[in-house]
Amino acid sequence: MIIVPEKAIPNLIDRTTSFKAVEAVFAAMSNGDAYNFPVIREDIGYVDALYGFKSGFDKAGLTLGLKSGGYWPGNAEKGLTNHQSSIFLFDADTGQVKALVGGNYLTAIRTAASSAISIKHLAREDSKVLGMIGAGHQSAFQLRAAVEQRNFERIVGWNLHPERLSRLEEVSAEIGLPFEAVSLEELGKASDVIISITSSFAPILKATQVKAGTHLACMGTDTKGKQEVEAELVTNATVFTDEIAQAISIGECQHAFTNGSLKAEDISEIGPVISGKHSGRTTTNEITLFDGTGVGLQDLAVATVAVELALESGVAIEVEN
Ligand code: NAD
């Protein structure tokens with residue numbers, strides 16, 4: 001089997017490669033060539049950790065595997081990222097383990113790719129202001145990937161813990177765009193595209209705070225009970241997701257689905273939009289909302305590329321099975 005250690009991965013795979021791998025797997029899901037297995041996500045009752053498995057099978061690419069890991073909120077104090085994960089790839093013909101790949105950096109770039117894909121396909125072409133809600137570890141990756149999709153002129157940001165906004169300010173400066181910390185009201189008024197990437201369990205953004213024509217990528221809600229925006233905002237939007245089954249159970253759509261104001265049939269997967277079978281946004285006035293729940297196939301897609309690149313560049317560690 002091949003081992004690709006976490007520390008080798010940032011030098012192997014870039015944003016463009018990750019974006020292409022995730023876009024391809026979303027399209028494969030819409031063709032029925034690839035499917036995700038039900039997610040296991042458990043509060044383990046220890047150090048507030050959420051732990052679980054995401055897995056799937058891409059029949060076309062013969063990619064079979066799982067990501068194991070979760071969210072440890074106390075890790076930042078220990079100098080570690082709160083998300084910790086590892087990806088296992090298996091031989092689809094024999095079930096033998098093929099690779100063990102560090103999953104932390106891959107999770108960050110595949111999640112950033114997901115919201116960037118939604119911006120590419122759903123945001124208005126003339127989007128100029130990007131609003132960021134959340135300033136944790138993932139937010140920097142989200143911001144870097146998002147600005148590659150439209151000619152943004154400035155970034156506005158809000159975070160529950162304002163002292164963390166310096167992260168967004170620094171990344172904006174690196175990108176060469178002005179950054180301003182704002183209230184949620186100001187953020188909604190100014191933004192053409194909004195990304196939310198927090199670990200909130202209560203709505204942050206209200207329906208009345210978002211203007212017509214906005215595209216929202218809700219990326220933080222990946223567990224039952226989490227919520228970043230008012231259910232009414234989801235109900236009123238044209239809703240897209242990576243996978244409907246996850247959106248209504250663990251994604252941002254779960255609340256509008258549970259209160260009966262949103263049905264599964266009201267939600268479209270992004271795959272058909274990518275492959276041109278769904279028109280996506282149809283007016284400049286509608287609010288589009290992408291519920292990025294994070295699917296196992298995204299992890300397997302980027303891990304497969306990481307293994308190929310690790311073998312090519314000689315950093316893969318080979319051990320006997
Ligand atoms: P982090 O711990 O580094 O940052 C958490 C962010 O949420 C910070 O901005 C923090 O200030 C904010 N926050 C914390 N509690 C809050 C609350 N009660 N209300 C509002 N904001 C609050 O985490 P991260 O690595 O940046 O991840 C952020 C979120 O994204 C997590 O919930 C994580 O599970 C989720 N996530 C989703 C996917 C996906 O595929 N959808 C992938 C990775 C991470």
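How many bridges join strand E8 (residues 129-133) to E9, and do the two run parallel or antiparallel? In this predicted model, five bridges join E8 to E9, and the two strands run parallel. Valine 129 of the pair has arginine 154 in E9 as its bridge partner. On its other pairing, strand E9 (residues 154-158) is joined to E10 by three bridges, again in the parallel sense. Here glycine 157 stands opposite alanine 181 in E10. Four of the five residues of E9 are buried, and the strand is mostly covered.

These strands belong to an open sheet of eight, in the order E10-E9-E8-E11-E13-E17-E15-E16, with parallel pairing. The edges of the sheet are strand E10 (179-181) and strand E16 (267-269); each has a single partner strand, so one side of each is left without a neighbour in the sheet. From one strand to the next, the twist averages 20°. Helix H2 (residues 104-122) packs on this sheet and touches four of its strands: E11 (193-196), E13 (215-218), E15 (238-241) and E17 (288-291). The direction of H2 makes about 160° with that of E13.

One residue of helix H2 is threonine 111. Its relative accessible area is 7%, so threonine 111 counts as buried, the limit being under 20%. Apart from neighbours within four places in sequence, threonine 111 is in contact with Gln138, Gln142, Met219 and Gln298. Two of these contacts, Gln138 and Gln142, are also among the buried residues of helix H3. Helix H3 (residues 137-146) is largely enclosed by the rest of the structure, because eight of its ten residues are buried. The buried residues of H3 are Gln138, Ser139, Ala140, Phe141, Gln142, Leu143, Ala145 and Ala146.

The chain is divided into domain 1 (2-107 + 297-318) and domain 2 (124-294). The C-alpha centres of the two domains lie 23 Å apart. Across the boundary, 19 residues of domain 1 are in contact with 23 residues of domain 2.

Which residues touch the most other members of the largest nonpolar core? That core has 65 residues, and those with the most contacts to other members are Phe26, Val101, Leu106, Leu130 and Ile195. At least three residues of the core come from each of domain 1 and domain 2. For isoleucine 195, the residues touched, leaving out those up to four places away in sequence, are Ser115, Ile119, Leu130, Gly131, Met132, Ile133, Gln142, Ala146, Ala217 and Met219. Another core, of 29 residues, lies apart from the largest one and includes Val129, Val156, Leu205 and Leu289.

A further set of strands pairs in the antiparallel sense around strand E4. Seven of the nine residues of E4 (residues 50-58) are buried, so this strand is largely enclosed by the rest of the structure. Three bridges join strand E2 (residues 34-36) to E4 in an antiparallel arrangement, and tyrosine 35 stands opposite phenylalanine 57 in E4. Strand E3 (residues 40-43) pairs with E4 over four bridges, also antiparallel. In this pairing, leucine 50 in E4 is the bridge partner of aspartate 43. The hairpin of E3 and E4 has six residues between the strands, and glycine 45 takes a positive phi near 70° there. Nine bridges join E4 to strand E5 (residues 63-71), and these two strands likewise run antiparallel. Lysine 54 has lysine 67 in E5 as its bridge partner. The hairpin of E4 and E5 has four residues between the strands, and leucine 62 takes a positive phi near 50° in it.

The structure holds zero disulfides. Cysteine 218 is in no disulfide, and the nearest cysteine sulfur, that of cysteine 253, is 8.3 Å away. Because a disulfide requires two cysteine sulfur atoms within 2.5 Å, this distance leaves cysteine 218 unpaired. For cysteine 253, which is also in no disulfide, the nearest cysteine sulfur is that of cysteine 218. Cysteine 218 is buried, with a relative accessible area of 1%, and cysteine 253 is buried too, at 0%.

Methods. Residues are numbered from 1 along each chain as its sequence is written. This is a predicted model: local features need pLDDT of at least 70, side-chain atom pairs count only at pLDDT 80 or more; totals for chains, interfaces and linings use all residues. Side-chain values use heavy atoms; hydrogens and water are left out. Two strands pair if DSSP finds at least two bridges between them. Axes are lines fitted to C-alpha atoms, for helices over the stretch in contact, and angles run from 0 to 180 degrees between N-to-C directions. Contact means heavy atoms within 4.5 Å. A nonpolar core is a set of buried Ala, Val, Leu, Ile, Met, Phe, Trp, Tyr and Cys residues joined through side-chain atoms within 4.5 Å. Buried means under 20% relative accessible area, exposed over 50%, partly exposed in between (1.4 Å probe, protein chains only). Domain bounds come from an automatic or database domain assignment.
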